[in-house]
Amino acid sequence: MEGKNLLRFLFFLVTGLFLLLFTWANFPYLPSNKAELLDCTSFSPWCTSKSKPHLTTNPSNPTRGHRRHHSSDVPHHPLDPLTVQEINRVRTILSSHAPLKASKRYTLHAVDLEEPAKPLVLRWMKGNPMLPRRASVIALVGGESHLLTVDLATSQVIRDDVLPPSGYPTMTVEDMTMATKAPLVDGNFNRTIIERGIDLADLACLPLSTGWFGKREEKRRLIKVQCYSMKDTVNFYMRPIEGLTVLVDLDSKQVVEISDRGQNIPIPSAANTDYRYSAQSKPTNLLNPISIEQPKGPSFTVENDHLIKWANWEFHLKAESRAGVIISRVMFRDPDTGLLRNVMYKGLTSEFFVPYMDPTDAWYFKTYMDAGEYGFGLQAMPLDPLNDCPRNAYYMDGVFAAADGTPFVQSNMICIFESYAGDIGWRHAESPITGMGIREVRPKVTLVVRMAASVANYDYIVDWVFQTDGLIRIKVGLSGILMVKGTPYVNMNQVPGQEYLYGTLLSENVIGVIHDHYLTFYLDMDVDGSDNSFVKVNLEKQMTANGESPRRSFLKATRKVAKTEKDAQIKFKLYEPAEFHVINPSKKTRVGNPVGYKVVAGGTAASLLDHGDPPQKRGAFTNNQIWVTPYNRSEQWAGGLLVSQSQGDDNLAVWSDRNRPIENKDIVLWYTLGFHHIPCQEDFPVMPTVSSSFDLKPVNFFESNPILRMPPNVENDLPICKPAASA
């Protein structure tokens, strides 16, 4: 018995340590030294995290990966996130709210700023009184999901709506921790592990969202657990205990079902799976160090922690628990008039859809929606100075709330830096035959806002890139570790010709399963004002009349304004090219063109799943690459407000099918960036980053090239560095 108790203790210890790595690694720290901010007996991950260097608090001086305390933070802008003090007040107010007070147990699954009404924010100016501060809270109370609004000025809960039972809120860390412990108290699970020849001390288990596949899964919160062997490697993802899946009830904390269909599949070897630099037998150093130097300092400023000013750009930036990063009030100072002009009111990563293409028992449910199920911002990891971000980066923290309302700080969650990769902003060199001898070139320098999240095995890097010419690029990088499947095969010559592997044999006994990644972005465009229209500009072949021209055909641009939402449901087609413009029909250039921005498409992979497939019903926001909806502050999350075990009855596709008017209205553009991933051996044991992006580009927004007056680089402006000895 003592031996079994020791094994159980070791299992709990290893699982607990893994979960800290999975969700909270290097994560929160105490926002102050006041004990009431954090109950260390309940939230030991925060209390035991290693101390890190302290941040400087000068908001105008870019900070380099240091820590700052947030206990005295106060909001300066209506869109500033909730502060530590405000989150503590929310916690206190909720503890006195009758329905929560009467409940034996309630958990907070989201505590974020309830942003003021858009017209109020648009009218607000620096120096005006602060708009009322309110918190939006999603809580589980007695098995029901509640949406609450807490008024911080009156200390009252002014809204408490019970939400329809069509889904559940984002999982908490407590949910995930409990789920991985539940199997160990089940005798059948223990016997299965022992029969597989695995030491309990070597187990690492993952809590996996279940999706939704029928009524059997309704009316109770469920999660699935799969386990791996950590023996001889930190990269346990490459050592799956294939075919073993445990279904756990999150509320009763009981094992509902165990499925074990992989008894004959060996656990892959740990050899060559460790990706750490220190573990490499032959480290390779092919490059000399490279860095951007700014002897005059950065060209951007950060005012009051959240207002970014760079070149002609100005915008509000904050961390958010679900979206990760929210960019708001994006404006550009016109080079001719000097006036700030509105471009976008709000932009964010709204939802993910990551379906794996294996319909077998241990894989069919792996159709993740990472923002709504796990919290993209909550999975953000502290950025690594010099590697995640260059030396000239400024770092911004996130302030969030734990399941009991305790505030915690996610340090170095966002970085901001100027980037120059030798690209060219514009150029022209005159041909020698003109005798003019002209050569004009301008360098392209950009401002990058970056965050990275590790959602279990996968790492996502999201960049918002601002150019001096008015273009905004949204770029996504995929890296991390593949989710792999165990197999008895060690070489492709063993695989029967008729057997399909659902992926690629990457190493001995390891299959990388084919999957997709979709990221849907919410873009509330306000081009020179809130009332905009969506225009599809079709490029069509036009034939010339007989004798009209030596040419037989040319391309003709035909513009069509979308009247209703269905007019703006766009599927990309290679041989039916088009441009997609958001214009302000009431604002014209001096020659009469409506001012606008256009979407320059990229990452155009589209979902091929059947629309009746349960995962695709939930992920129906990927049925089109572009959607346009009228602004509605309740429609921000493409997969719906409650995503876990949702059934697809409250998402972007459902809203858009109402076919509401969108011409000359306050509209929101949604863009889905897509990737198909057929794994290859180069993805083992950790994946080189794969990136794709799309652009928001000015189209007749300016009277002429907005960077025409930008100066070229000259030698005297650049830092003088001592050259290395010649090779």
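**Figure 1. Strand β31 is mostly covered in this predicted model.** Five of the five residues of β31, which spans residues 626-630, are buried. I626, V628 and P630 point one way from the strand, while W627 and T629 point the other way. In a regular strand the side chains alternate between the two faces of the sheet. In β31 the residues pointing either way are buried. The strand runs antiparallel to β32 (residues 665-677), to which five bridges join it. One of the paired positions is P630, whose bridge partner in β32 is I667.

**Figure 2. An open sheet is formed by four strands in the order β2-β3-β4-β5.** The pairing within this sheet is antiparallel. Strands β2 (106-113) and β5 (156-162) stand at the edges; each has a single partner strand, so one side of each is left without a neighbour in the sheet. From one strand to the next, the twist averages 20°. Seven bridges connect β2 with β3 (residues 134-141), and these two strands run antiparallel. T107 stands opposite L140 of β3. Helix α3 (residues 84-95) lies across β2, β3, β4 (144-151) and β5, and runs at about 120° to β4.

**Figure 3. A second view shows an open sheet with the strand order β6-β7-β8-β9.** The four strands are paired in antiparallel fashion. At the edges are β6 (203-208) and β9 (254-260), each of which pairs on one side only. Neighbouring strands are turned against each other by 25° on average, direction ignored. Strands β7 (residues 222-229) and β8 (residues 244-249) run antiparallel and are joined by four bridges. V225 stands opposite V246 in β8.

**Figure 4. Helices α6 and α7 lie across strands of the β6-β7-β8-β9 sheet.** Helix α6 (residues 173-181) lies across β6, β7 and β8, running at about 130° to β6. Helix α7 (residues 187-195) lies across β6, β7, β8 and β9, and its direction is at about 160° to that of β8.

**Figure 5. Helix α7 has buried residues on one side and exposed residues on the other.** F189, N190, T192 and I193 are buried in α7. These residues cover an arc of only 160° around the axis, which puts them on the same side of the helix. An α-helix has 3.6 residues a turn, so residues three or four places apart point the same way. On the other side of α7, I194 and E195 are exposed. The N-terminal end of the helix is capped by D186, a side-chain oxygen of which lies 3.0 Å from the backbone nitrogen of N188. Just after α7, G197 adopts a positive phi of about 75°.

**Figure 6. The surroundings of E257 in strand β9 are shown.** E257 is partly exposed, because its relative accessible area is 37%, a value that lies between the 20% limit for buried residues and the 50% limit for exposed ones. Apart from neighbours within four places in sequence, E257 is in contact with R216, T245, V246 and L247. Among these residues, V246 is also the one that V225 stands opposite in β8. P183 and E257 are 74 residues apart in sequence, and their C-alpha atoms are 9.9 Å apart in space.

Notes:
Residues are numbered from 1 along each chain as its sequence is written. This is a predicted model: local features need pLDDT of at least 70, side-chain atom pairs count only at pLDDT 80 or more; totals for chains, interfaces and linings use all residues. Side-chain values use heavy atoms; hydrogens and water are left out. Buried means under 20% relative accessible area, exposed over 50%, partly exposed in between (1.4 Å probe, protein chains only). Two strands pair if DSSP finds at least two bridges between them. Axes are lines fitted to C-alpha atoms, for helices over the stretch in contact, and angles run from 0 to 180 degrees between N-to-C directions. Contact means heavy atoms within 4.5 Å. The arc is that of the directions from the helix axis to the C-beta atoms. A polar contact is a pair of N or O atoms within 3.5 Å; within protein, one must be able to donate a hydrogen and the other to accept it, and residues adjacent in sequence count only if both atoms are side-chain atoms.
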